[in-house]
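Let's take a walk through this protein together, from the inside outwards. Please have the model open and follow along as each residue comes up.

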Amino acid sequence: MAIAERILLIVNRSAGIGHGDAVVGRLRAMLVKLLGEQGTLQVEVVADHSAARASANEFLKASDAPAVVIVGGGSGTLRAVIEGLCEGRVAGELPGRERVRVGALRMGSGNPLARQFGIPQDPEAGLGGVIENLRAGRTAPCCVLRCEVGMPNGRCEVHYAATMGGFGQFGRTPGDLVRLHRLLPAPRAVAARLLGIERLNNVEYVLAVLFRAASCALLGGSATEVVEVRADDRKEVLPLLAGVVMNFPFKELPIDPGVRVEDEALSLHLVPYTGRLSTLLLVLAPRRLLRGALQIRIEGRDRVEIRLLDRNTAEFFLDEDPMTFHGRVSLQVAGSLAFVPGSEYRSRAGSGVLA
């Protein structure tokens with residue numbers, strides 16, 4: 001029996017510190033050997049997230065045959081592919097395991113979801129583990145976040161994510177880093193080669209949070225947005241210092257969300273601004289600050305909406321991609337996609353992993 005009738009390998013050549021034809025050729029050769037004459041392989045090398053999204057969407061629409069999509073890139077590339085696979089679907093109706101399985105390689109600067117699924121850092125070693133689990137028929141469910149983003153015309157755009165979303169001062173950090181990278185591309189490339197791209201990414205986020213905390217301490221409450229949070233019959237108003245919605249724990253964040261990537265559940269934490277001291281605690285004692293956070297578990301048909309009360313727009317991010325919402329943004333569970341884990345993945349009891 002064929003491992004898959006159709007396989008798509010998408011590599012973002014601009015992810016991380018860039019990827020040339022040589023690495024793509026080696027990955028292609030590994031997949032050709034896997035498939036033999038049993039299926040068809042399509043390889044797409046893209047330059048940005050929009051091209052990755054379009055490739056995944058077109059590939060899935062081209063045939064009803066069972067498919068595998070393997071993504072070489074970082075969090076943004078993977079999120080773009082997930083959007084392409086989920087486009088046009090309502091919550092709870094994502095394509096099932098019999099329709100498409102997804103694998104991810106750590107070829108970007110931020111790869112937390114790939115790490116969560118046990119993918120080694122080397123792309124060829126990572127693909128080797130994915131191939132082994134494809135042969136064994138192993139998959140694990142990955143919860144997907146559905147986010148409706150308010151637009152200037154009053155309508156909403158739907159986006160998807162599988163790692164986290166950030167709000168308030170934390171939500172502005174990816175945008176700050178994108179602007180910094182545009183100003184200093186050469187020094188960043190040198191630092192990435194010296195430190196390693198994933199380690200550099202973590203350092204950059206720490207520095208970005210420090211910068212945001214310092215700016216907020218100087219500007220005071222004018223730097224924070226006042227929001228209304230609606231969840232079922234619950235309604236709360238707070239000046240928002242920082243917020244995060246999480247799919248699984250991050251060792252870099254001092255939060256136990258109480259959810260894992262295999263659960264169809266999300267954990268939302270919104271930290272109120274209570275004065276300039278709270279901006280310092282954001283860096284110096286975040287656990288203490290989190291004791292006063294508004295915490296909401298999102299699962300099933302739950303839907304949480306965040307509305308702006310004192311301004312029209314605010315920056316936020318999904319899986320490290322900076323975005324802007326106008327008026328409101330809502331969060332809910334979209335469902336799960338079937339992920340093919342890597343060689344270092346260790347399943348949890350009751351996680352739904354297929355042996």
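The paragraphs below visit the cores, a cavity, a helix and two single residues.

Keep in mind that this is a predicted model. A good place to begin is the interior. In soluble globular proteins, nonpolar side chains tend to be buried together. Here, the largest nonpolar core brings together 75 residues. Val-69, Ile-70, Ile-82, Leu-113 and Phe-339 are the ones with the most contacts inside that core. Try centring your view on Ile-82: setting aside neighbours within four places in sequence, Ile-82 is in contact with Val-144, Tyr-160, Ala-162, Leu-337 and Phe-339. There is also a second, separate core of 29 residues, and its members include Ala-161, Leu-240, Phe-316 and Met-323.

Next, let's look for empty space. How many cavities of 30 Å³ or more are there? The count comes to 1, and the volume of this cavity is about 60 Å³. Among the residues lining the cavity are Val-71, Ser-75, Leu-78, Leu-105, Asn-111 and Leu-113. Four elements each supply at least two residues of the lining: the strands β3 (67–73) and β4 (100–106), and the helices α3 (75–86) and α4 (112–116). Which of them gives the most? That is α4, with 3 residues. Sorted by class, the lining has 7 nonpolar and 5 polar residues, and no charged ones.

Now move along to helix α7, which spans residues 173–183. Thr-173, Pro-174, Gly-175, Asp-176 and Leu-177 are buried in this helix. The buried residues of α7 pack against α6 (168–171) and α9, and also against the strands β13 (313–318) and β14 (321–326).

Helix α9 covers residues 197–219, and Glu-204 is found there. Is Glu-204 buried or exposed? Glu-204 counts as buried because its relative accessibility is 10%, below the 20% cut-off. Not counting residues up to four places away in sequence, Glu-204 touches Leu-177, His-181 and Arg-188. Leu-177, as noted, is one of the buried residues of α7.

For contrast, finish at Val-158 in strand β6 (residues 156–161). Val-158 has a relative accessibility of 34%, so this residue counts as partly exposed. Beyond its neighbours within four places in sequence, Val-158 is in contact with Glu-83, Arg-146, Cys-147 and Glu-148. If you would like a distance to try in your viewer, the C-alpha atoms of Val-158 and Thr-40 are separated by 31 Å, with the two residues 118 apart along the chain.

Definitions and conventions
Residues numbered from 1 in each chain as written. Predicted model: local features only at pLDDT ≥ 70, side-chain atom pairs only at ≥ 80, totals over all residues. Heavy atoms only, no water. Core = buried A, V, L, I, M, F, W, Y, C linked by side-chain atoms within 4.5 Å. Buried < 20%, exposed > 50% of the residue type's maximum accessible area, 1.4 Å probe, protein only. Contact = heavy atoms within 4.5 Å. 1 Å grid on protein atoms, 1.4 Å probe; cavity = no way out; pocket = protein on both sides within 12 Å on 5 of 7 lines; lining within 4 Å. Points joined across faces, edges and corners; volume = space filled by probe spheres on them. Nonpolar A, V, L, I, M, F, W, Y, C, P; charged D, E, K, R; others polar.
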